[in-house]
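Q: Please take a close look at one part of this structure, beginning with how its residues are placed between inside and outside. After that, set the part in its wider context, and give the cut-offs behind each term.

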Amino acid sequence: MQYLVSVINDNANLATPEEDAAIDVFNDRLQAEGYWVFAGGLGAPGTATVIDSRGGEAMFTDGPFVETKEYIVGFWIIEAPDLDVALKLAAEGSKACNRKVEVRPFL
Amino acid sequence: MTETGVQQAVTRAHREEWARVVAALAKRFGDLDVAEEAAAEAFATAVERWPADGVPPNPGAWLTTTAHRKAIDRIRRENKRDEKHREAQMSYEYDEDPSEPSGPIGDERLRLIFTCCHPALATEARVALTLRMLGGLTVAEIARAFLVQESAIGQRITRAKAKIKTARIPYRVPLAEDLPARVSGVLTVLFLVFNEGYLATGPDTDPVRHELTAEAIRLARLMRALMPADGEVAGLLALMLLTEARRTARVSSSGELVALGEQDRGSWDTALIAEGHQLVRERLASGVAPGRYQILAAINAVHTSARDVRDTDWSQILALYDQLVRLDPSPIVALNRAIAIAELDGPQAALATLDRLEEKLAGYHAFHAARADLLRRIGLSRESRTAYDKAIELAGNTAEVASLTRRREQLG
């Protein structure tokens with residue numbers, strides 16, 4: 001069972017060196033214990049482009065599909081047997097990156 | 001057997017076996033939806049068949065077997081409809097875990113409780129799900145008890161079940177390291193149910209809704225049977241029993257709430273008090289530091305030990321509140337502690353304590369009611385009247401408003 005752990009940012013600050021170091025330690029643990037699937041950081045919402053090809057031709061729009069104060073700055077995809085395990089890992093991830101995270105199951 | 005006899009047997013089986021049947025099916029099929037529906041069908045079949053066939057010698061086993069068949073029928077029906085759905089369903093079956101402990105902690109109802117009270121579910125969803133799956137209350141009954149539309153309760157339960165399934169909230173007793181926090185989550189749900197029954201929040205409702213307090217006590221007894229070594233479980237059960245014991249004395253014949261100090265102590269339920277005191281003594285004898293519910297139970301044990309309000313051991317009560325404040329520094333605990341101070345050191349000392357709480361409790365009716373009472377006792381009628389006005393304005397329960405209004409009228 002896979003879960004998406006999204007990292008939510010509520011300010012424009014980049015990760016500090018301490019946070020980066022803590023994230024590395026957490027990532028190593030995920031890999032060593034077999035929970036790791038993938039992870040990555042994302043550019044700011046201002047770097048996003050929305051594409052809509054439903055009308056036949058692709059329409060490009062600058063910026064995120066929805067403007068919000070809080071947005072996703074990164075994510076983990078983890079493999080966990082159930083939500084209890086996923087929540088525990090997410091709690092550690094939140095501590096490591098010093099941000100709120102959201103857990104959602106893949107279907 | 002007579003018709004009423006059969007009816008009583010069905011009612012008793014429902015009360016005693018519902019949670020066990022749902023829990024057994026949830027474990028077997030890994031799906032709360034299937035478990036709930038099949039259990040309901042099995043009880044409906046019992047209502048139909050028992051009057052003609054007679055009550056089976058082991059109603060619990062009969063119901064479990066019948067529900068099991070109903071669940072398999074349903075899954076077969078769905079398989080024919082959707083082959084892919086079947087795969088999803090079967091892949092979600094739980095494996096038997098040989099490392100799981102046997103005995104009460106291995107009881108399937110305990111897993112069901114922890115699943116229904118999972119921290120990933122919203123509190124009101126936990127309450128509704130627990131009353132439906134463990135308590136066997138119908139959606140209509142839950143809606144009536146909480147004065148919420150039936151459709152809203154139905155939706156809460158449906159959403160919660162969907163989340164449990166899709167996000168894979170596990171069906172098991174939490175690990176030992178997580179147990180205290182998870183037990184505390186279960187107790188919060190049971191206490192919420194009890195409190196809603198004990199002091200309904202809405203206007204024009206019965207001041208006490210016995211069906212909710214009774215259900216909360218029944219579920220707390222179940223928790224106690226399943227986790228006999230847990231101090232807080234015992235504490236919450238004792239707290240509920242000692243509070244429920246005063247239920248009939250709490251509302252006057254004219255429908256007014258009666259304060260603890262003015263209650264007819266002769267009408268308290270002595271059996272419930274004895275049971276509550278026994279639990280409190282057991283916890284004291286354990287020598288383990290008490291948690292919040294155990295301290296609250298001990299406070300209620302002191303109150304219910306006094307044959308007359310004047311015999312109340314207030315120094316003991318204040319000592320317990322001092323202990324509670326260290327665990328739970330909330331302003332509501334501080335307010336109750338101030339009431340004990342009034343009895344020991346006089347209303348003036350208590351008012352000084354209340355003044356410090358004003359900022360946090362200005363929107364809480366009980367704060368103004370307590371203040372009004374203290375002001376009245378030191379002869380400040382005008383200030384007392386203003387405080388009663390505020391309390392009446394903020395109080396939601398009709399019986400409570402009636403009692404506050406009478407007190408205000410009694411001011412000179």
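A: Of the 107 residues of chain A, 20% count as buried, where a residue is buried if 20 or more other C-beta atoms lie within 10 Å of its own, exposed if 12 or fewer, and partly exposed in between, with C-beta atoms placed from the backbone. This is a predicted model, in which local features need a pLDDT of at least 70 and side-chain atom pairs count only at pLDDT 80 or more, while totals for chains, interfaces and linings use all residues. Residues are numbered from 1 along each chain as its sequence is written, and chains are lettered from A and ligands numbered from 1 in the order in which they are written.

The C-alpha trace of chain A spans about 45 × 35 × 20 Å along its principal axes, and its secondary structure comes to 2 helices and 6 strands, these being DSSP runs numbered from the N terminus (H or I with at least four residues for a helix, E with at least two for a strand). Along the sequence these elements follow the pattern β-α-β-β-β-β-α-β. Taking two residues to be in contact if their C-beta atoms, placed from the backbone, lie within 7 Å, one finds that 74% of the contacts in chain A with a separation of 6 or more are between residues 24 or more positions apart.

Helix H1 of chain A, residues 17-32, allows a simple check of its geometry: its 16 residues should span 22 Å at 1.5 Å a residue, and its end C-alpha atoms are 23 Å apart, which agrees; the expected span is 1.5 Å times one less than the number of residues. The number of its 16 residues that are buried is 1, so H1(A) lies largely in the open. After this helix comes A:Gly34, with a positive phi near 85°.

Most residues other than glycine have a negative phi. A:Asn98, which is not a glycine, nevertheless has a positive phi of about 60°, and it is found in the loop between helix H2 (83-97) and strand S6 (100-105) of chain A. A:Asn98 counts as partly exposed because it has 14 C-beta neighbours inside 10 Å. Chain B offers a parallel case in B:Leu147, also not a glycine, whose phi is positive at about 55°; B:Leu147 lies in the loop between helix H7 (139-146) and helix H8 (150-166) of chain B, and is partly exposed, with 14 other C-beta atoms within 10 Å.

Turning to the partner, the contact between the chains takes 6 residues from chain A and 6 residues from chain B. The side of chain B that touches chain A has 4 nonpolar, 1 polar and 1 charged residues, where Ala, Val, Leu, Ile, Met, Phe, Trp, Tyr, Cys and Pro count as nonpolar, Asp, Glu, Lys and Arg as charged, and the others, Gly among them, as polar. For the complex the predictor gives an ipTM of 0.88 and a pTM of 0.84.

Chain B averages a pLDDT (the predictor's confidence in each residue, from 0 to 100) of 89, and 92% of the residues score at least 70. Over residues 88-102 of chain B, however, pLDDT stays under 50, and the model has 11 contacts beyond four places in sequence for this stretch. Where pLDDT is low, the predicted coordinates should not be read in detail.

An automatic or database assignment divides chain B into domain 1 (3-93) and domain 2 (346-412), whose C-alpha centres lie 53 Å apart. The largest nonpolar core has 127 residues, of which B:Val22, B:Leu25, B:Ala39, B:Leu190 and B:Ala297 touch the most other members; such a core is a set of buried Ala, Val, Leu, Ile, Met, Phe, Trp, Tyr and Cys residues joined through C-beta atoms within 7 Å. Helix H1 (residues 3-29) of chain B gives the largest share of this core, 10 residues, and the core draws at least three residues from each of domain 1 and domain 2 of chain B.

Leaving aside neighbours within four places in sequence, B:Ala39 is in contact with B:Trp18, B:Val21, B:Val22, B:Leu25 and B:Ala67. B:Ala19 lies in helix H1 of chain B and counts as buried, with 23 C-beta neighbours inside 10 Å. By contrast, B:Ala352, in helix H16 (residues 347-355) of chain B, is exposed, with 12 other C-beta atoms within 10 Å.
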